[in-house]
Amino acid sequence: MSDRRLEAVGLGELKVADRPDQVLVCYGLGSCVGLALYDPVVRIGAMVHVVLPDSSMGRGREAPPGKYADTGVEAAVAALVDAGASRSRLIAKAAGGARMLRLAGSNPQLDIGARNTEAVRAALARHQIRLVAEDMGGTYGRTLQLFIETGRVLVSTVGRGEHEL
Amino acid sequence: MKLQPSQWTALEQMVTQALAESSRSLSQMTTGEIRLDAPQLSFVPLRELPGVAGGPDHVVTAVYVGIEGELQGHVILLFQPKEARALVDLLLGHPAGTCRELDELGRSALAEVGNICGSAFMNAIADRSGLEVKPTPPVLLEDMAGAILQTVATDLLLTGDEALVIATGFNGAVPGHFLLMPNTESMARLITTLEAIR
C-alpha cells in the first residue's frame, strides 16, 4: 500500500485521476458529501468534495468547481468524459452528509448535511448516473477513499472502524 | 480581515477581558485557580481551519456554543483529546493522568467550560457594543477535526471567509484554541463597534 499516492480533495475541490497508484481522499467529511465517480472499464475516477447543495446559494464570486452539488456533479462528469471515461459506464458512491451538531437543534443552517445528501442524489439522477452505494447521515465524521486501480471505495470513521462501500 | 492597529488593540482587549472573566468563573466553579493564558489572535481562512487542530482527519475534542441574538455566529473550544482529558483533571482537582476516557462527569465539565467561556466572550462583546447576544447550550463532540469544523465553516461560507482564532491555554499547561466565528454581517458590526473605541 505504501507505493500508493494519496491525494487529498479539499473543501469544494474536484480531482480526476487515471493512474493506478492514485488514491483520492476526502478527509474528515462532516456535513459535506464526498462523491466518488468511477469508470471501471478505463479505470478513471473522480472525487468531489461537495460543501453546499445549490449554486444559487453562491455570493456571485468565483467558486471552486466542487463546492456545490449541482455544479460539482456536472463538472466532474464533464472532466471524466474529457479524460476518456464513458458517461454511461460511470458509477457513483458517496459518503458524508452528517448532522454533526444535532444536539444544538435550533439552528437549521447546521442541518446542511441532509440537504447536501438530497442535492447530490438529485444531481446524479439528472445525469442518469447510478449511485450504487452510500453511507450518509448520522452524527459522525467520515473519511472517503477511492482507489483508482480497482475502483474500491473505503469509508473510515472514528470509533466505528473502516468499511468498503 | 484587515484591521486598523487601533481596532486590533480593541479586539485584543476585548478578548483579554473575556478570558479574564472566564478565568474568574472557572476558578469559582472548580474552587481551584484556573487561569487562561495570554491569547494569540489571528484570522484564519475557513478552509484552513482544520489545520489548526492537526489536520482534517485528526481527532479533536470540541465544545460548540452558538451565538444568537443581534450578532450570529459560532464559538468552538478546541483541544487535542489528550489535552481535553488533562483539563478535566485540572477542573475536577484530580491528579494529572486520572482521566483516560471522557465519562459523563468529564463531558459535563468540558461542556461547562465551553458555556462559561462562550458566555464571557458574548458578555464582553455585549459590554462594548450594547448589542444583545446570548449563547446556545454547549455541545461536546469528539470526532475528526474536519468533520466538526467543516460543518460550522459551511454555515459561514454562505457569508464569510475567515474565523478569528484565539490560541490560549489553561494554567500554562493545557493548550487549547477558541474559534470565534461571527458571520460576515456580525463581524462588520463588531468592527464598527471596535472603531468607536479609541
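**Exercise 1. Find where confidence in chain B is lowest and where it is highest.**

Start with the score: pLDDT is the predictor's confidence in each residue, from 0 to 100. Next, know your elements: helices (H or I, at least four residues) and strands (E, at least two) are DSSP runs, numbered from the N terminus. Now look at the two ends: helix α5 (residues 184-195) of chain B has the lowest mean, 77, while strand β5 (residues 139-144) of chain B has the highest, 92. Across chain B the mean pLDDT is 85.

Some ground rules: this is a predicted model, where local features need pLDDT of at least 70, side-chain atom pairs count only at pLDDT 80 or more, and totals for chains, interfaces and linings use all residues. Residues are numbered from 1 along each chain as its sequence is written, chains are lettered from A and ligands numbered from 1 in the order in which they are written, and side-chain values use heavy atoms, leaving out hydrogens and water.

**Exercise 2. Work out what the salt bridge between B:Glu142 and B:Arg85 ties together.**

First, check the distance. A salt bridge needs a side-chain nitrogen of Lys or Arg within 4 Å of a carboxyl oxygen of Asp or Glu; here the closest N and O atoms are 2.9 Å apart. Then place the partners: B:Glu142 sits in strand β5 of chain B and B:Arg85 in helix α2 (residues 81-92) of chain B, so the pair ties together parts 57 residues apart in sequence.

**Exercise 3. Decide whether B:Arg85 is buried or exposed.**

Use the cut-offs: buried is under 20% relative accessible area, exposed over 50%, partly exposed in between (1.4 Å probe, protein chains only). B:Arg85 has 10%, so call it buried. Its partner B:Glu142, at 30%, is partly exposed.
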